[in-house]
Amino acid sequence: MQHFTSLSDVANPSALLAEAALFVQHPHQKSHLGKGKSLGLIFFNASLRTRMSTQRAGQLLGMDVTILNVSQDSWQLEFEDGTVMDGAKAEHIKEAAAVMGSYCDILGIRTFAGLKNRIADYAEHVMTAFQQYAGVPIVSLESATRHPLQSLTDWLTIHQQGFTHRPKVVLTWAPHPKALPQAVGNSFVEWMQAAEVDLTIAHPYGMDLSPDFVKNTPVMYNQDIAFEGADVIYAKNWSSFKDYGHVNDKERDWQITAEKMAHTNNAKFMHCLPVRRNMVVADQVLDSPQSLVISQAANRIPTAQAVLATILETL
Ligand code: CP
């Protein structure tokens, strides 16, 4: 694996899932694989889980880990080609990525969608620039349109439930007061389409994800009907793809409540976190035994180990 930025970078997704499951059982296996190797984790945005879990994953593999919060600790970066740099941006990505690549054997990059210009966000100029100029493997720690480490983690968490049948998994939109990217939703759909699950997407009218991600996955606009017989409810907010970045604040009744969970097949509840209590999901659901959110977040470590180990084995 040269980079890890989307499902298409992974030659054998099932083998990567199996590797992550092995790291759950044996967190200290391959603890010398990364000896003498350096992992740089570059954050353009805030993070709790991705930052701590990927750092821990690198350390468990014996890597040295350096973290840079670009927006706080470094120079503002210019991404445009041919621009006259007479403003606030002091360094061009061409030099910055190349220098980071000279210090690190693998770089993890976290960036978010700006949610103002859909074409620019979906062009993924930050992730693409690092792939172009860093000269080392790039691991997406969430990009403008995808969050593959989260999605592999989600797949592992569903796999761990040991369903004896093909589970019905519902990705449901849930209310949120701020404009959030489509990245987690897009990526979850992309990875679940490769998994042995029956995926349904539920959202209010107008809150469709990109058709390039949805493809033939069934979409429902009635949450109660979508929940019927579900084994897994995966809640996530995203802002509008069509009316790009628009916040839908009129659909508060899409919050996940115990009453709605009662329509399911005693479904597990999942969310990537952070989650706004009693906005996205009711306390009663989040605090119930059906909620997997803490084990889901814990799975970020073995998942990141599997991705880093797979890349390290090619270096
Ligand atoms: N789920 C997730 O990526 O969490 P953070 O934004 O805290 O990293």
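This report describes the ligand site and the two largest pockets of the structure.

The model is a predicted one, and the values given here were computed from it.

**The ligand and its surroundings**

The ligand sits in the largest pocket, where its surroundings are formed by S47, L48, R49, T50, R110, H147, Q150, C272, L273 and R300. Sorted by class, this shell holds three nonpolar, four polar and three charged residues. Polar atoms of the protein approach the ligand at several points, and the table sets out three of these contacts, one made through the backbone of L48 and the others through the side chains of Q150 and R300.

| Residue | Protein atom | Ligand atom | Distance |
|---|---|---|---|
| L48 | polar backbone atom | oxygen | 2.7 Å |
| Q150 | polar side-chain atom | nitrogen | 3.0 Å |
| R300 | polar side-chain atom | oxygen | 3.3 Å |

The ligand taken alone would expose 260 Å², and of that area the protein buries 93%.

**The largest pocket**

The pocket that holds the ligand encloses about 460 Å³ of space. Its lining comprises 25 residues, and those lying nearest the centre of the pocket are F112, E142, K236, L273 and P274. By class, the lining divides into 11 nonpolar, seven polar and seven charged residues.

Some of these central residues also have notable backbone geometry. L273, which is named both in the shell around the ligand and among the residues nearest the pocket centre, is joined to P274 by a cis peptide bond with omega of about 5°. P274 itself belongs to the loop that runs between β11 (268-270) and α12 (283-286). E142, another of the residues nearest the centre, has a phi near 115°, which is a positive value in a residue other than glycine. The position of E142 is likewise in a loop, in this case the one between β6 (138-140) and α7 (148-159).

**The second largest pocket**

The second largest pocket contains about 330 Å³ of space, and its lining is made up of F44, V70, S71, W75, Q76, L77, E78, F79, E80, K89, H125 and V126. Three elements of secondary structure, namely α3 (70-73), β3 (77-78) and α6 (125-133), each contribute at least two residues to this lining. In terms of class, the lining of the second largest pocket consists of six nonpolar, three polar and three charged residues.

Notes: Residues are numbered from 1 along each chain as its sequence is written. This is a predicted model: local features need pLDDT of at least 70, side-chain atom pairs count only at pLDDT 80 or more; totals for chains, interfaces and linings use all residues. Side-chain values use heavy atoms; hydrogens and water are left out. A residue is near a molecule or strand if one of its heavy atoms lies within 4 Å of it. A polar contact is a pair of N or O atoms within 3.5 Å; within protein, one must be able to donate a hydrogen and the other to accept it, and residues adjacent in sequence count only if both atoms are side-chain atoms. Accessible areas come from the Shrake-Rupley method with a 1.4 Å probe; for residues, only the protein chains shown count as cover. On a 1 Å grid over the protein atoms alone, a cavity is a set of points where a 1.4 Å probe fits but cannot get out, and a pocket is an open set with protein on both sides within 12 Å along at least five of seven lines; lining residues have an atom within 4 Å of a point. A molecule sits in a cavity or pocket if more than half of its atoms lie within 2 Å of its grid points. Ala, Val, Leu, Ile, Met, Phe, Trp, Tyr, Cys and Pro count as nonpolar, Asp, Glu, Lys and Arg as charged, and the others, Gly among them, as polar. Grid points are joined across faces, edges and corners, and a volume is the space filled by probe spheres set on the points. Helices (H or I, at least four residues) and strands (E, at least two) are DSSP runs, numbered from the N terminus.
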